[in-house]
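The exercises below ask you to read a fold from its coordinates, moving from whole-chain totals to single residues. Work through each task with the model open before turning to the solution.

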Amino acid sequence: QNLSSGMAIYEAKDNGADFIFRDFNPAAEEITRITREKAVGNSLLSLFPRMEESELLKALRRVWETGQAEQLAPFYYRDDTREGWRENRIYKLPSGEIVALFNDVTEQMKAEESLRESEKQYRTLFESAQDGIFVMSEGQVVDANRASLRIYDCRREDIIGSRPEDFSALRQSDGSLDCHVKSTIPR
């Protein structure tokens with residue numbers, strides 16, 4: 001009753017075609033917005049009509065058939081009443097009942113998507129810049145954009161790990177610069 005994760009205990013129905021709720025903790029009520037009274041005795045598919053489309057029902061069936069616990073990767077669920085990302089750990093009890101411990105990871109998934117989008121925007125700006133840009137950490141190059149590779153006439157793998165003192169520029173007879181990373185580019 002005091003778990004911060006939602007917990008549902010199921011009994012298989014029709015040889016695993018559906019699962020009946022046998023217990024439902026307060027965290028499950030909060031996550032699903034379904035009361036324990038409404039859940040207990042009802043089937044998963046009657047309360048969550050689109051669950052057939054998710055990986056949860058398949059995982060419940062596998063655990064019920066094999067007895068092997070599973071951790072289900074976060075999946076997205078949406079119906080007319082609720083939506084969000086859920087993460088589940090599923091176990092089979094000696095009684096044959098199935099226990100699912102689950103968490104709402106919607107905010108975490110949104111944050112990860114936002115981070116991916118931010119990284120994509122950064123990458124686009126970084127790579128499309130006309131000026132050479134180096135990202136340094138502890139005195140070494142950890143990333144370089146295309147312009148810097150063009151300016152120094154080198155490949156990314158040649159420049160990663162180098163230090164500023166490894167760079168040189170030699171003035172050619174025509175006035176252009178021949179730039180390279182001394183210690184990493186074979187000449």
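## Exercises on a predicted model

A hairpin joins S3 to S4 through four residues. The model is predicted, and the exercises start from this hairpin before turning to the sheet, the helices, the cores and a few single residues.

**Exercise 1. Describe the pairing of S3 with S4, and place Asp-80 relative to it.**

Step 1. Seven bridges join S3 to S4, and the two strands run antiparallel. One of the pairs can be named: Gln-71 has Arg-89 in S4 as its bridge partner.

Step 2. Asp-80 sits in the loop between S3 and S4. The relative accessible area of Asp-80 is 76%, and the cut-off for an exposed residue is over 50%, so Asp-80 is classed as exposed.

Step 3. Asp-80 and Phe-48 are 32 residues apart in sequence, while their C-alpha atoms are 9.5 Å apart in space.

**Exercise 2. In what order do the five strands of the open sheet stand, and which strands form its edges?**

Step 1. The five strands follow the order S2-S1-S5-S4-S3, with antiparallel pairing. In general, strands of a sheet pair through backbone hydrogen bonds, either parallel or antiparallel.

Step 2. Strand S2 (18–24) and strand S3 (70–78) are the edge strands, since each pairs on one side only. Neighbouring strands of this sheet are turned by 35° against each other on average, with direction ignored.

Step 3. Strand S1 (residues 6–13) is joined to S2 by six bridges, and these two strands run antiparallel. Within S1 and S2, Lys-13 stands opposite Asp-18.

**Exercise 3. Determine which strands helices H4 and H5 touch, and at what angles these helices run to S4.**

Step 1. Helix H4 (residues 55–66) lies across S1, S2, S3, strand S4 (83–92) and strand S5 (98–104), and it runs at about 0° to S4.

Step 2. Helix H5 (residues 106–128) also packs on the sheet, where it touches S3, S4 and S5; the direction of H5 makes about 120° with that of S4.

**Exercise 4. Analyse the nonpolar cores: which residues of the largest one touch the most other members, and which element gives the largest share?**

Step 1. The largest nonpolar core has 26 residues, of which Tyr-10, Phe-21, Leu-44, Phe-48, Leu-60, Ile-90 and Ile-98 touch the most other members. In soluble globular proteins, nonpolar side chains tend to be buried together.

Step 2. Two or more residues of this core come from each of S1, S2, helix H1 (26–32), helix H3 (44–47), H4, S3 and S5. The largest share, six residues, comes from H4.

Step 3. Ile-98 can be followed outward: leaving out residues up to four places away in sequence, its contacts include Ala-8, Tyr-10, Phe-19, Leu-60, Trp-64 and Ile-90.

Step 4. A second, separate core has six residues, among them Val-141, Ala-144, Tyr-152 and Cys-154.

**Exercise 5. Is Thr-32 buried or exposed, and which backbone atoms lie by its side chain?**

Step 1. Thr-32 is found in helix H1. Its relative accessible area is 5%, and the cut-off for a buried residue is under 20%, so Thr-32 counts as buried.

Step 2. A polar atom of the Thr-32 side chain lies 2.7 Å from the backbone oxygen of Ala-28, and the backbone nitrogen of Ile-34 lies 3.2 Å from a polar atom of that side chain.

Step 3. Leaving aside neighbours within four places in sequence, Thr-32 is in contact with Phe-24, Phe-48, Arg-82 and Phe-102.

**Exercise 6. Locate Arg-33 and Glu-138, and state phi and exposure for each.**

Step 1. Most residues other than glycine have a negative phi. Arg-33 has a positive phi near 60°, and Glu-138 has a positive phi of about 50° although it is not a glycine.

Step 2. Arg-33 lies in the loop between H1 and helix H2 (36–39), and at 53% relative accessibility it counts as exposed.

Step 3. Glu-138 lies in the turn of a hairpin that S6 and S7 form with two residues between them, and it is exposed, with a relative accessible area of 75%.

Step 4. Strand S6 (residues 134–137) and strand S7 (residues 140–144) run antiparallel and are joined by four bridges; Ser-137 stands opposite Gln-140 in S7.

Technical notes
Residues numbered from 1 in each chain as written. Predicted model: local features only at pLDDT ≥ 70, side-chain atom pairs only at ≥ 80, totals over all residues. Heavy atoms only, no water. Pairing = 2+ DSSP bridges. Axes fitted to C-alpha atoms, helices over the stretch in contact; angles between N-to-C directions. Contact = heavy atoms within 4.5 Å. Core = buried A, V, L, I, M, F, W, Y, C linked by side-chain atoms within 4.5 Å. Buried < 20%, exposed > 50% of the residue type's maximum accessible area, 1.4 Å probe, protein only. Polar contact = N/O pair within 3.5 Å; in protein donor to acceptor, adjacent residues only side chain to side chain.
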